[in-house]
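Hi everyone, thanks for coming. I've got one structure to walk you through today, so let's put it up on the screen.

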Amino acid sequence: MSITDIETTLETKAVVYTRISSVAQQKKGHGLASQETRCREFADIKGYSVVDVFTDSAVSGGLIDRPGMSAMLKYLRSKRRAGPFVVLIDDISRIARDVRAHLTLRDAIRDVGANLESPSLEFGEDSDSVLIENVLASVSQHHRQKNAEQTRNRMRARMMGGYWPFRSVLGYEMRKVPGRGSMLFRDEPIASIIEEALTGMATGRFRSQAEVKRFLESQPAFPKNRYGQVTDEAANRVLTRVLYAGMLESEGWDVPFRKGFHPALITYEQFLTIQERLKEGTYAAARADLSADFPLRGAVACGECGNPLTASWSKSKTGKRHPYYMCFKKGCGSYRKSIRRQNIEDDFETLLATVSPTKELVSLARTMFRDIWDQLDAQSTDQRKSLQASMTETSRKVDDLVERLMETTAPSVAKAYERKIAELEKKKALAAEKLANLGKLKRSFDEVFELAMAYLANPSKLWASGKTEDRQTVLRLTFGAPLEYTRNGGFRTPELSLLFKALGGLEMPSFRVAEREGFEPSVRLPAQRFSRPPRSTTPAPLRGDGGYRRTRRQKQEVLRPDLTRFLCCTRAA
């Protein structure tokens, strides 16, 4: 064997290991390419042959298990018999920024038969070299921990100043603003979809998280998982993020409640209403089988036993599927006797078309709405004074608690003071929001009145939209109890909601509805009618059950409380 062959066989081979902990290092020139260049220059000086390069991009120096490092160790283990190997690193901080991780990886490299070298440090086994290596590893760890502390402190300080320091959340996008850094802005159309969902939950359009989930799934632009669904967790995040109310708060970062410098999708008052409704539970049992196929499921009961009708698809002998409603209460005369979906839904649409106020009542409602509107405007001055006084008193209490907090030395007492201060700050923020919005209306009186009466005058129009959430709204707002239906007689006299009872005079045709049948022996109860009773020549007392014999003044007194609440919800919507 020639001398040249021996030199080639004994030539030291080298592999280069590079690492960056963030993409920012690449942009600043401290990236993978610059590390590799220095290592190759060092290899040329030492006469090493670089056979491969292994990298870890955007990996923390505190981690031991890294893809690039694992691949390098596996490669060296497989080439152990091919000759001596050297692992080249640009700096000691590239292998690790943690003393424990450094020692573990150093031993792993030694175990596969390779030596660690660097153009910045001479590694050795003598006591002085080991001391220097350990000191530099400790310094690297200190730098990593210090950088993490500084980053966290800067992010917390920014959050304390009212700015969101993390990546954007659903419905918002980050934009750089000169002099103010990155800020959250509305990301359309997702922001408007979330706003509609939250407003619907706050106003009662949606009564449960399940309904909000179905609404979000019906919006093509709203992001969904790979199965085309919005998860319960995603719907809950939308409903419980105080960020959407324009506020900031984080227990993990020790940031108390405060106003944020980003656009709110809803008011803080609406947010609190949503949280109360989530705690109270659903208005009705949340059903997974509510769908456009059977919109009356759960809203219609059997006319014989009162048990809610269920619904399903049935397959005929020909293989064709047919939709049916039926009663599954054992012992009922209609047990497992199907009702065609077309029949019951046609009857319901006929019934719903009859539920509308008389023209006289619409005129009366307009007059009362105008009167209530003026009264609400007149109350603005008193409300403003009350809110200002409340904020002043709350601020005084906060200052007092802060002084006590500074004096106390007991941790438990300090925590109690901090919780009380946080509660008062929330109360103060709510009062400030109400004060800022006082007298600010999105719509004029005519627009609000038309919006309110659009539903009251013709709920069947909203039903005809075909949207599941709209149909659920119609059922909740129009009827006060499940509708009773018999296979041969149709719907019985419905119990209207308080809102429609307040609008007493309803235009309903004089058609006969089903008679209730009792259990054996059969008892025939008198049929009821929807027709308006004849006018009486003698004065009648005020009827609180939605009767028709009222004077104009009496009607005003009955309508005022319900219409006031309805207007208060509508005028700010």
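I'll start with the overall picture, then move on to a patch on the surface, and finish with the cysteines.

First thing to keep in mind: this is a predicted model. So how confident is the predictor? The average pLDDT for the protein is 76, and 74% of the residues score at least 70. Some parts fall well short of that, though. In residues 1-9 the pLDDT is below 50, and apart from near neighbours in sequence that stretch has 1 contact in the model. Residues 505-550 also have a pLDDT below 50, but there the model shows 89 contacts beyond near neighbours in sequence. Where pLDDT is low, please don't read the predicted coordinates in detail.

Okay, the general layout. The protein contains 20 helices and 14 strands. It has 573 residues, and 38% of them are buried. Now take the contacts between residues at least 6 apart in sequence: 61% of those join residues at least 24 apart. As for the outside, the accessible surface adds up to about 32400 Å², with 51% of it belonging to carbon and sulfur atoms.

Let's zoom in on helix α7, which covers residues 127-160. Val135 sits in this helix. Which residues join Val135 in a nonpolar surface patch? They're Leu131 and Val139, and the patch made by the three comes to about 240 Å². Is Val135 buried, partly exposed or exposed? Its relative accessibility is 42%, so Val135 counts as partly exposed.

Val130 is in helix α7 too. With a relative accessibility of 30%, Val130 is another residue that counts as partly exposed. If you skip residues up to four places away in sequence, Val130 touches Gly124 and Glu125.

Last stop, the cysteines. How many disulfides turn up when you search the whole structure? The answer is 0. Take Cys332: the nearest cysteine sulfur belongs to Cys302, and it's 3.6 Å away. A disulfide needs the two sulfur atoms within 2.5 Å, so that's why a gap like this doesn't count. Cys332 is in no disulfide.

And where do these cysteines sit? Cys332 has a relative accessible area of 8%, so it's buried. Cys39 comes out at 0% relative accessibility, so Cys39 counts as buried as well.

That's my tour, thanks for listening!

Conventions. Residues numbered from 1 in each chain as written. Predicted model: local features only at pLDDT ≥ 70, side-chain atom pairs only at ≥ 80, totals over all residues. Heavy atoms only, no water. Patch = residues over 30% accessible without salt bridge, like charges linked within 9 Å, V, L, I, M, F, W, Y side chains within 5 Å. Areas by Shrake-Rupley, 256 points an atom, 1.4 Å probe, with all protein chains shown as cover. Salt bridge = Lys/Arg side-chain N within 4 Å of Asp/Glu carboxyl O. Helix = DSSP H or I, 4+ residues; strand = E, 2+ residues; numbered from the N terminus. Buried < 20%, exposed > 50% of the residue type's maximum accessible area, 1.4 Å probe, protein only. Contact = heavy atoms within 4.5 Å. pLDDT = per-residue confidence, 0-100.
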